[in-house]
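User: I would like to learn how to read a sheet and an interface. Can we go through them step by step?

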Amino acid sequence: MSKVAQLTKGILRENPIFVLVLGMCPTLATTSSAFNGMGMGLATTFVLLSSNVVISAIARFIPDKVRIPSYIVVIATFVTIVDLVMQAYATKLYESLGIFIPLIVVNCIVLGRAEAFANKNTIFDSLLDGLGMGIGFTFALTLLGSVREMLGNFSIFGLPIIPKEPFWLKEVFFHDPILVFVLAPGAFIALAYLIAIFNRFKK
Amino acid sequence: MNSIIITAVLVLSLLGVALAIVLYLVAQKFKVIEDPRIDLVEAVLPGANCGGCGYPGCRGFAEAFVKTDDIGSLFCPVGGNDTMAKAAEVLGQTVEAKDPMIAVVRCSGSPELRKRVVEYDGASSCKLATALYSGDTGCQYGCLGLGDCVAVCKFDAIHIDPVTLLPVVDEEKCTACGACVKACPKFIIELRKKGPKGKRIFVSCINKDKGGPARKACQVACIGCGKCVKVCPHDAITLENNLAYIDYNKCKLCRKCVEECPTGAILEINFPPRKQKVEGQAMNVESN
Amino acid sequence: MAKVESNFKNMTATLLVITLVASAALGLVYQSTMEPIDLAQQAKINNAIKAVLPEFDNQPGNEAYSVAVDGGELTFYLATKDGQPVGTAVKTFSNNGFAGLIELMVGFLPDGTINKVAVISHKETPGLGDKIEPQKSEFSVQFEGKSPENFKLLVKKDGGDVDAITASTITSRAYCDALARAYNELKKGGKQ
Amino acid sequence: MDSKLVVSPSPHVHSGESTRRLMFNVVLALMPAFAVSLYYFGIGALFVTLLSILSCVLFEYLIQKFILKVQPTITDGSAIVTGLLFAFNVPSNLPWYIVVTGSLFAIGVAKMSFGGLGSNPFNPALAARVFMLISFPVQMTSWPLPIESRLKYIDAVTGPTPLAILKEGLKKGDTISQIADQIPSHLQLFMGVMGGSLGEISALALLIGFAWLLYKKVITWRIPISIFATIFVFTGILWLINPEQNADPIFHLVTGGVMIGAIYMATDYVTSPMHPKGMLIFGLGIGLLTVIIRVWGAYPEGVSFAILIMNAFVPLINRYVKPKRFGEEVKRNG
Amino acid sequence: MEYLIIIIAAIFVNNVVLAQFLGICPFLGVSSKISTSAGMSGAVTFVMVLATIVTFLLQHYVLNPLGIGYMQTIVFILVIASLVQMVEIILKKLSPVLYQALGIFLPLITTNCAVLGVAILVIKKNFNLVEGVVYAAASAIGFGLALVVLAGIREHLDLANVPKGMKGAPIALLTAGILALAFMGFAGIVK
Amino acid sequence: MLKTFAKGGVHPPENKFSANRPIEVLSLPAKVTIPVSQHIGAPATIVVSKGDKVKVGQLIAQGAGFVSANIHSSVSGTVESIEPVLDSSGYKRPAITIAVEGDEWEPTIDRSPELKRHIDADAQTIIKKIAEAGIVGLGGATFPSHVKLSVPAGKKADVLIINGVECEPYLTSDHRLMLEKGHELMVGIQLLMRALNVDKALVGIENNKPDAIKYLSEIAKEYPGITAHALKVKYPQGGEKQLIKALINREVPSGGLPIDIGAVVHNVGTAYAVYEAVQKNKPLFERVVTVTGKNLPKPSNFLVRIGTPVSELIAAAGGLPDDTAKVVNGGPMMGKAVTDITVPVTKGTSGIIVFPAAESKRKAESVCIRCAKCVSACPMGLEPYLLIRMSQRMMFDKMEHERVLDCMECGSCSFECPANLPLLDYIRLGKTEVNKIIRARKN
C-alpha cells in the first residue's frame, strides 16, 4: 500500500465512523455543534497519532500477555495529557466535551488501531495510519456536528446560515430551527442518515 | 523532584507490578489448547459459509480438514483447486487437482416448446407447487420456473430467463456448491464437469415418459429413441426408463449425438458455431 | 522480529517500565499545567462576573463569601474599581425550575438595582425555558436597571411586573424566585 | 370453456377484506371528531388537516418512486390515515412548515426508513408529533381557544389546555379546588369545549368512532379499554389518597389525548401486539406511563410518549406473550 | 426515597445510552438478538457495580489523599481492564454455568465506555459508596433495558423489508433515536 | 348460546345451493378409472390384470400394510388398462381403467332397500368387515376407518363423535345423507359404537341444517346412546379437534390423537358406509358427491360410482359454465383444484365446485400490516403472520418451535388476511420442511 493510501484510507474507504462504525459514544455525544465535534475529533486525533507512534515503537519489547494493559497505559497517558492541556488552555471546549475527554481511552478506534495496525507496522506507517484515521474521525465528527448545528440551530461554527435578507426567507421558511437535532434523539437520527447516505455512495 | 511526581510514579508502578503478577498467574493457569492450524486453514477458505462442502460453514470444514487423514477426500467447491492447494500447503501436503464443475439445468421446455395447460396461482415456490400438482404443462418432470434455485443461490449465479421461464446459470459466478441441486424439487439441476473451455454436452431433459406422451407434452423432450446411444463412439450414453444420459467422464465432446437427436434434447455449450444448425433452441441456452 | 517472551520476569518488568515512564510523564505535564488550570478557573469566574457588572479591577473571586439559605448556597462577589465598590455579583439559584435547579449570576449595583443577569446553569426545556439565557431571548433584558424595590419580581399572572416567557410560566417564576432570593440576602447581610 | 384452468392451493375463497377497506373505516371513524374540530376550530382545522394528509401522501409517493424506486402504494390509504392522525394531534394554528416537516418525519423517517407499511416499530404520526413537540415546543403547545378561533389560522387566540392549567397550578402550589374554576366542567370536557389538539378534544365524537370501529371489527376492545381502565384505576387511587393534589379519574379520561390515543393511535395494527393477552399488557403499560408522566413528569400530557415507549416493547411482548395454543396442556410426544 | 430518585433518574430520565451516549458501541453491536443482549446486560451490570466499588475506594482512599486526582483516567481504566479479566477467570473456575451465560461478553466490556463513564460520574456527582453502587446498578439496568428493547425491535426488523442503505447500523441508530425521543417524556419526573 | 369450539374460526359465506336437491343416482359412465391410492397410507396392491372381467364390488386392489385400504370395482366390465393416469392429486398415479359392460353385482351384496336394524356381528367382525369393504374417512381425510377403530393398547375410547357438521361452504352431501338415510346412519353409528365398545355417541350438526337436526334428534330416540346436537355455524368445526372441543369440551393434546382423550370421530358418510358394509355386505364403491357452483345450471347431489370422471358429474349438473376457470375437488376452504376435469371421483371426493373466472384468481398480495386477524382466526392458536415470515426466510427450526405442525391447513388465516398473503401456502411449505428436519433427526 502506498504511503498516500496509508494516509487517506481512514478518510473515506475505512472511515472509522461511517464505515467501521466505531467510537460511537463521543460521535453522538459531542457533536451538538460543529465546533465541539471538531474539538473532539482533534483531541482524539492527537491521542491516536501519539499512541500509534509510541506503540509501534515499543511493540516488540512487550510480551504478548501484557500487550493490552501496556497499550492501555500508553493510551491513557496521552488521554490524560490531552485532558490536562485542554483544561488549561481550552476551558470552554473542555467543559462542553466533559466526561468524553477521559473516555477517549475506551474509544474502540484508538485501541483498535494499536492492535490492528501499530503493533505490526513501522513507526512512519503507524503515524500515517493514526493521522489518517484521526482525520477521518475528525471529518466525520465535524460533518455530523455541522449537520446537527445547521438543522438544530440554523448556524454552522456559530455563524448563522440564514441570511437576514430577504426577510421573508426567515419569516416564511426558516422561522425556527428543528431543535431536536441538537438534543440526544437528533444525534442518533442525523448519524443514522449520514451513514445511510455514505453507504449509498460507497456502492 | 516534586513529591507529586514521586507518589504518582510509585502508585502507578505498584499498580503495574500488581497487574503483571495477576496476569502472569492467569496466563499460567488457564491455557486454551486449540490446534492453531484450524485458524490458518479457515483463513484461506472463501468464507461464504455456503455448506457446499458438506460441513456447517467454513470453520467446520477447516476443523475437518485439519483432522482428516485423507485431505483429498475433502473439497471446497467454491474456492476450487487454488484454495485447496493453499489449504494443503498449510498442512504441508498437496492435493490432486479436481475438474471444475458447474450446475446445469436439464430442461429446455420454454413455453413455446412446452405448452402450458393450466395456470398456477399461488405462492412462488417450486416446493409448494410440487405438493399441489405435477406442473403447469403436460410434462410432469419439467421445470416449474418458480425459482427455488434462484432463492438459495448465495452467489447470485442463477436466474430465471424472462422469455424461456427457465433457470439460466451464470458460468462466471457459479461455484458448483450444489445448493440449487438440493433445492430443486424436480431434480432438474445437476453438477457436471465444466469441460475444457467450458465445452460440455448433456441431455437437457429428464422426462421418463414413453416417446409419444413425452413428445406431446414437450417438443424438446428426450423420447428415448436410443439413436444417440447407437451413434456414440465412446459408450458414454446410456438409456434407462425412456431417458438418455451422458456420462461426463466418458464423453469426448465429439458432438455426434447432438446431430443425431431428433428432438434437439441434447445440448452443446460453448462450442464454436457450425455450418448447419440443429434447431433454434440450442441457441437459446447458449446465448446466456 | 523476535518477540519478547511472556514470562513472569519480562511481563512484570515491562509493565513496571511502562508505568514508570507514563507516570513520570504525566507528573511533569500535570505540574506544568497546574498553574494555567488555576488561572483558567479564575478567569472563568471573573468572566461570569464581568458579564453582569460594570468594569472592575480587583479579583472578586478572592474576596467571595457564601451564605447558606433555603437548602442551597448564595455566593457574593464584591467588585471594586480603584478601591471603590462598583457592585456585587450574586450567584443565586432556584429549585423550582421546570426541570429543577437553575443557577444565575446577578449583578447588583451598589444602590441595589439589577445591572445584568447571566445564566450559569439550567436544565430547562430547549426552545422553551432556555429562553432565560440572554443570547436566546430578550427575557432577561427587562430586569436590567430595575430595582426590586419597585419592580415586583413576580410574573404578571401572579400580580407582578415580569413578562413571562411564552409557554414557560414555570421557568419564569423560578427565575424571579432566584432573583428575589439574591436580592433579599443582599439586603439582609450584603452591602458591607 | 376455452381458457386454462387455474390451479391454486386452498383456500379458494377469501373474506374480501382488504387493507384499503380497513383504512377507509378508520378514516370514517375519525369523521365525527373532524366535524367537531371544524365546528370549534374552523378554517385552521381544515387547513392543517388537508395539508397534513396531502403532504403525507405526497411524501410517500415521492420517497417510494424516487428514493426507494418501488411501485408507490399510496392507494392503500395508510398515508392518509397517518396524515389525518398527525393533524389530529397538533394545534389547529400550527404553522404550515411545521405541518409539512412533521409529515416528512412521519412518512420518511418513522415509516419508510423502516421498510414502509407493516415494518415500522413506532406509530409514524405519534413519532412525528413527539419529534415536533420537542423541536418546536412553543408552536406545538399554543392551543387556540375553541369557537373563538374559528375564522383564524395563525393569529388565533390561544390558551392552555386543562391539563396544562392543572400542571401549572399544582406546580405553583395551588390545590385542585383553587384550580377548578379555571377548568371547564366535566360535561364540557366530554363534549370538547377546551383547548387542545384539533382532533383530540371531543371525547364524545371519538367514542362514536370507537363504536363504529368495533362494529366493523376493525379493532377489538382490548387495547382502548385496558388503557381506560388503567388510567381510571390509577388516577382514582391517587385521587382517593389526596383529592386536593390529584385530579379525579373522569377528568383524566376526558382531557388531553387519552381518547384519541387509546382508540386510534395505540390500536394501530403495525405497532401494537398481535395477541389478546399482549394487547392487555400493552394497554396497561400505556395507562401507567401516561399517568406517571402526567402526574410526576414535566410534560402536562403523556399519552404520546406512553404509546411510543410501549411501541418499543411490542416486539418483546409479541415474543414472550404467546396466544394459548390448542391442546397446550400436554407436551408434544413426537 | 433518595435511592429511588437515583434509580429512576438513571434508568429512565438520564438513561446511560439514550440520554448520555455511554456504551453506544455494544448497544449497536450486541443488539441483534434478544438472548445475547440479555447476557450482555447481565455481564455489564455485574462488572459495572464491581468496578464502581473498586474505583470509588481507589479514588477516595488512594488518589485523593495522595493528591494525584489527575491520574484518575489511567488508574481507572487499568483497574477495570484487569478486573474484567479477573472476573472472567474467577467465573470460569467457580461457576461454569454463569460463565457460559456471561463469560463470552466479558472481553467486550473493557471497551464499554459505560463502565468507565459511570465510574467517573460517580466520583463527579459526589455520591457516597452506597449511592454510587445504586447509581451504577441502575445505570446498568438502564443500559440493559435499552439494549433488550432495541434487540427486540431489531429482531422484528429482521423480518421486515428495511431499505438496503438503512440496514445495519443506520436502522439501529434510527430506532435508538426514536426511542430517545420517547424517553424524553420522562423529563422532569426526577429533578 | 349454541355450542362451538373456543378459539379462532371464521364464517365464510355458506353458498349451499344444492341443500334442497335430493340425492340422485348418476347413470353409469362408459369407463371408470380407479386410482389405487385413494387413501392415506401405502397404495393398494393391484390384484387384477389387463383383460380381466370384473363385477361390481369385486376386489381389484388389496390394501398393502396396516394403514391402507382395499379397493373394489365400482362397475362390471373389462379391465382395459393398468397404468398411471392423472388424478386429482395433479400427478399421474397407478390406476385401473375399466370399460363398463352392464351392471352385474357380486352376488354376496344385499341389494334390497329395506332397513336392517338388527345387529348380530361382534366388535371384531365389524372391524374386519369394515376393513374388507375398504372404508376410509369419507369427510375428505381418507384415513382407513378400521385403523381408527382399532384402539391401541393402553388407550380406551369412551365416546363416539359423529361428524355431521359439514362446515365447508357449498357442500351438502352429508346434509342430504342425514336427511335421506337417517335410520341407516343410526344403525351405522350403533355398529361403530359396538366396535369401539362405547355406549355414547354424539352427532354434531351445524345450525344451518335445522331440518337435519330436527329429523335426527327425533329418530335418535329409537337408538339408545345416540344424541344429536346443534352447533353454532363456524368454520372449521368439522375438524376433529374442533368438533371434540365443541361437543365435549376436551382438547386433543398437541401432536396427539383424539383417542388420547377417549374420543373417536367418524363422518356421517363413513357411518353410512359402515352400515352398508356390515349389514348389507356392500364394499365401498360409490358415494354421495355434491356438484355445485355459483353459475352451474343445476347444482346437485349425486350418488356416484368411484372412478367416474368428474366431467360426467358436471355434465349431469347442467354442463360446465362458459366462465369457469377453476374446478375444485372438495370444499372451497380445503379442497384441491384439479388440473383437468377428466380426473376420476375417488373415495375422498365429497364435492366438486365450479368457480367462475372472477372468483378463481387470488387478489394481488400487499404487505402484512400486522392486523392480527390471522392470529384470531387460527383455531389452533398459532401465529400465521410469524410463520409465513419464517418460512419465507427458511427459518424452519424456529417454525417447529412455533408449533407449525399443529396446523391442520384449514385456511382460515388466508381467508381472513386483508393483505391477501399466501399464509397457508408458506405454512404448508414450512410443515413439509419441518417434517423433513424431524425425520432427519430421528435417523
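Analyst: Start with the sheet, keeping in mind that this model is predicted. In general, strands of a sheet pair through backbone hydrogen bonds, in a parallel or an antiparallel way. Here, six strands of chain F make an open sheet with mixed pairing, in the order β1-β14-β13-β17-β15-β16.

User: Which are the edge strands?

Analyst: They are β1 (23–25) and β16 of chain F, and each pairs on one side only.

User: In which sense do β13 and β14 of chain F pair?

Analyst: Strand β13 (residues 286–292) and strand β14 (residues 300–305) of chain F are antiparallel, with six bridges. Within this pair, F:Thr290 stands opposite F:Asn301 of β14(F).

User: Which helix lies across β1, β13 and β14 of chain F?

Analyst: That is helix α3 (residues 173–180) of chain F, which runs at about 125° to β13(F).

User: How much area do chain F and chain D bury between them?

Analyst: Interface size is often given as the accessible area lost when the parts come together. For chain F and chain D the value is about 4,500 Å², with 54% of it on carbon and sulfur atoms. Chain F gives 67 residues to the contact and chain D gives 41 residues.

User: How many salt bridges are found across the interface of chain F and chain D?

Analyst: There are five salt bridges. One of them joins F:Glu383 to D:Arg325, with the closest N and O atoms 3.3 Å apart. The two chains also have 25 residue pairs in polar contact.

User: Which element gives the largest share of the side of chain F that touches chain D?

Analyst: Strand β15(F) does, with five residues. By class, that side of chain F has 32 nonpolar, 13 polar and 22 charged residues.

Notes
Residues numbered from 1 in each chain as written. Chains lettered and ligands numbered in written order. Predicted model: local features only at pLDDT ≥ 70, side-chain atom pairs only at ≥ 80, totals over all residues. Heavy atoms only, no water. Contact = heavy atoms within 4.5 Å. Buried area = accessible area lost by both parts, 1.4 Å probe. Salt bridge = Lys/Arg side-chain N within 4 Å of Asp/Glu carboxyl O. Polar contact = N/O pair within 3.5 Å; in protein donor to acceptor, adjacent residues only side chain to side chain. Helix = DSSP H or I, 4+ residues; strand = E, 2+ residues; numbered from the N terminus. Nonpolar A, V, L, I, M, F, W, Y, C, P; charged D, E, K, R; others polar. Pairing = 2+ DSSP bridges. Axes fitted to C-alpha atoms, helices over the stretch in contact; angles between N-to-C directions.
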